[in-house]
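Colleague: I am new to reading models like this one and would love a close look at a single part of it. Could you take me through one pairing of side chains, and then show me how it sits in the rest of the chain?

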Amino acid sequence: MLQSLRGYLSMPRIRDATEVERNTFGDEYGLATHHIATDGLEIFAECADGEPARARDGQ
């Protein structure tokens with residue numbers, strides 16, 4: 001997953017998404033879940049309420 005994301009997203013954005021998943025779901029392997037999605041420009045993480053949010057700022 002990481003290798004795939006690194007092809008078109010910056011490492012800071014990938015780290016943000018991973019941190020959101022770790023904090024929200026307590027999952028050590030945040031990128032290996034179905035809670036992450038991307039549109040090729042941003043990474044979106046599923047929040048605890050089930051709604052997606054942009055990982056870097058929660059919007």
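Modeller: Happily; we will start with the overall picture, then turn to the pairing and its surroundings.

This is a predicted model, so local features are reported only where pLDDT is at least 70 and side-chain atom pairs only at pLDDT 80 or more, while totals for chains, interfaces and linings use all residues. Residues are numbered from 1 along each chain as its sequence is written, and side-chain values use heavy atoms, with hydrogens and water left out.

The term pLDDT is the predictor's confidence in each residue, from 0 to 100. The protein has a mean pLDDT of 80, with 98% of its residues at 70 or more. Among the elements, helix H1 (residues 2-6) has the lowest mean, 80, and E3 has the highest, 84.

Now the layout. There are 2 helices and 3 strands, and from the N terminus on they run α-α-β-β-β. Helices (H or I, at least four residues) and strands (E, at least two) are DSSP runs, numbered from the N terminus. The C-alpha trace spans about 30 × 25 × 15 Å along its principal axes. The radius of gyration, taken over C-alpha atoms, is compared with a globule rule of 2.2 Å times the number of residues to the power 0.38. For 59 residues, a compact globule would have a value near 10 Å, and the protein agrees with its 10 Å.

Here is your pairing. The structure holds 1 salt bridge, meaning a side-chain nitrogen of Lys or Arg within 4 Å of a carboxyl oxygen of Asp or Glu. Arg13 forms this bridge with Glu42, and their closest N and O atoms are 3.3 Å apart. Because Arg13 lies in helix H2 and Glu42 in the loop between E1 and E2, the pair ties together parts that are 29 residues apart in sequence. Why can such a pair form at all? Side chains of opposite charge can pair when their charged atoms come close.

Are the two partners buried or exposed? Buried means under 20% relative accessible area, exposed over 50%, and partly exposed in between (1.4 Å probe, protein chains only). Glu42 counts as buried because its relative accessibility is 11%, whereas Arg13 has 28% and so counts as partly exposed. Across the 59 residues of the protein, 27% count as buried.

What else surrounds Glu42? Contact means heavy atoms within 4.5 Å. Not counting residues up to four places away in sequence, Glu42 touches Leu9, Arg13, Ala37, Arg54 and Arg56.

One of those neighbours leads us inward. Leu9 belongs to the largest nonpolar core, whose 9 residues are Leu5, Leu9, Ile14, Ala17, Leu31, Ile36, Ile43, Ala45 and Ala55. Helix H2 (11-25) and strand E2 (43-46) each supply at least two residues of this core. A nonpolar core is a set of buried Ala, Val, Leu, Ile, Met, Phe, Trp, Tyr and Cys residues joined through side-chain atoms within 4.5 Å.

Another neighbour of Glu42, Arg54, points to the end of the chain. Gln59, in the segment after strand E3 (52-54), is in contact with Ala53 and Arg54, leaving aside its neighbours within four places in sequence. With a relative accessible area of 66%, Gln59 is exposed.
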